Amino acid sequence: MHIPDGFVSVPVAAATSVVSVAALGVALGRSKDAFGVRRAPILGLTTAFIFAAQMINFPVAGGTSGHLLGGALAAIVLGSPWAGALCIATVLIIQAVLFADGGITALGANIFNLAFIGVWVGWSLTQTLHRLMGGSKSRLPLASGIAAAISVVVAAICAALQLAISGTANLGVILPAMAGVHILIGVGEGLITGGVLAYLVKARPDLLPGNDEEQIRSWVVPVVSILLIAGLLSLFASAWPDGLEKVAEDTGFIDLAEQIRISIPTPFADYTFNENEGIGTSMAGILGSIVCFGVAWGIAQVVKPKNA
Amino acid sequence: MRKFSLTLRLQLSLIIVIGAAFLKLNAWYWLCGYGIIALCWAVSLRVPIRKLTGLLGLELIFLSFLALPLGWERASFLLVRSLVCLLTMNSFLLTLPPHSFGIALKGLPLPRALKETLLLAGQYLEILLGEVTQMQRSAKLRGLNGVAGWVRYANASMIGALYLRSLDRAERVYAAMIARGYNGMLPVDSTLRIKERFAVVAMGILAISLTVASYQLALS
């Protein structure tokens, strides 16, 4: 998923570079704990390990191959998404500068997609799923495997959006294509991440973050759960009409609703975006959740007592 | 080859690569300029030709899979530009004395923590490859001969075992580095001399001129 030179436009490259440099600065500050006698070898070795693992492509369907991205794995082994992001960003810098794997002009976009989106989605989902599964270490491989698979798909969707904004490809074409291929690659990512962690849980459980170490803040679990429901489970929603619509169809007044829709267009009609079913439904669900949260938060700010 | 310090070599290589990467698409004349600079760089470093061509061929085959679907015109420019970048960086890497990447890295204007991660990743890659070789040998001794046998043997647990074995060695190496005076950076002086600084500035100006000129030509 490394975007090469020439795929992203100058504004997209510049914007993603600015965001990535800022985030990298924060990551360097937040992962100071990773640079000590105890943790520095783990950070260095994990970086080297993921670099080596990314060189090994495994075949997926349709004559395509994929490789481990390792964002979720790095974050879990290092016990911090900031250190994980730093690890993946270092791998991407080495690959772009020394091996021309991923463009130098697209380095910002690649770091944004893989080192920040990939790592943070993988880490947040792992924490959420792990907690929902009971929180024991034996469940960590399963939670991280699922999270790693989803993180690959989310990173691919980000890359597709950047390519569409750059004018390289049409959104309607690139989005389903990228998501489709990366679902298969995500399965491989999930299996490898889960398998490696299953081994580490058995052989060196002290390496993995324990119950007393960095815990995810209380707000992350509900937020990620909402995004999971709105973004992922919404894809499996039934396309059949609801009770009222069914009655309206049967009794012949459904056309009235259609006439109103034509005269008052809405941006996410029928929970789709840009006439894109599937991914469009997810995007509409996530945007809707964010808007609902924003409105509710705004109301709460207005009505709460001044001294609260 | 001796006349260039490691820090200077890395900085000049990076200037050429970054300058070429930012060239305007289809600015062939300016790319030729970078190509000549890269060739001169490879000759002056006396890079082993056979190793270099083998490495370039392998990397270009991989890159062509990515670039060719974009159409011949665009792909050919991207591939030639990648060839220039790879020629420059491979010339640097292939003439680098063993375990000296950290010395070259020290002179780069990057955050210390990032340089430490890059340095350790480079050091530990050798450890990782060493462990892979040992595990391959062990697999062969157990009767898993050939690539097919090795692939059958490789699974997620195996990758986990590789990680742990490498980590044990990496921790020992790190403890030894600390004992020898390592404190996040190698204890060597990697500041550029005045002549070297002049060379870096001159190359920087040349690279900026070539890259900016490629855009001005496109505008006019």
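**Exercises on a predicted two-chain model**

From the N terminus on, chain B runs α-α-α-α-α-α-α-α-α. The model is predicted.

**Exercise 1. Describe the fold of chain B: count its helices and strands, then state its burial and its contact range.**

Step 1. Count the elements. Chain B has nine helices and zero strands.

Step 2. Check burial. Chain B has 220 residues, and 32% of them count as buried.

Step 3. Look at contact range. Take the contacts in chain B with a separation of 6 or more: 78% of them join residues 24 or more positions apart.

**Exercise 2. Work out which helices of chain A supply at least two residues each to the side that touches chain B.**

Step 1. Count both sides. In chain A, 35 residues are in contact with 45 residues of chain B.

Step 2. Assign the helices. On chain A, α2 (40-54), α4 (81-99) and α7 (171-203) each supply at least two residues of the side touching chain B.

Step 3. Find the largest share. α2(A) gives it, with eleven residues.

Step 4. Sort by residue type. The side of chain A that touches chain B holds 26 nonpolar, seven polar and two charged residues.

**Exercise 3. Locate the largest nonpolar core and name the residues with the most contacts inside it.**

Step 1. Take the total. The largest nonpolar core has 127 residues.

Step 2. Name the centres of contact. A:I88, A:L92, A:A155 and B:I16 have the most contacts inside this core.

Step 3. Find the main contributor. Helix α6 (residues 140-166) of chain A gives the most, 17 residues.

Step 4. Follow one residue. Leaving out residues up to four places away in sequence, A:L92 touches A:G102, A:L107, A:N110, A:I111, A:L114 and A:A115.

Terms used:
Residues numbered from 1 in each chain as written. Chains lettered and ligands numbered in written order. Predicted model: local features only at pLDDT ≥ 70, side-chain atom pairs only at ≥ 80, totals over all residues. Contact = placed C-beta atoms within 7 Å. Helix = DSSP H or I, 4+ residues; strand = E, 2+ residues; numbered from the N terminus. Nonpolar A, V, L, I, M, F, W, Y, C, P; charged D, E, K, R; others polar. Core = buried A, V, L, I, M, F, W, Y, C linked by C-beta atoms within 7 Å. Buried ≥ 20, exposed ≤ 12 C-beta atoms within 10 Å, placed from the backbone.
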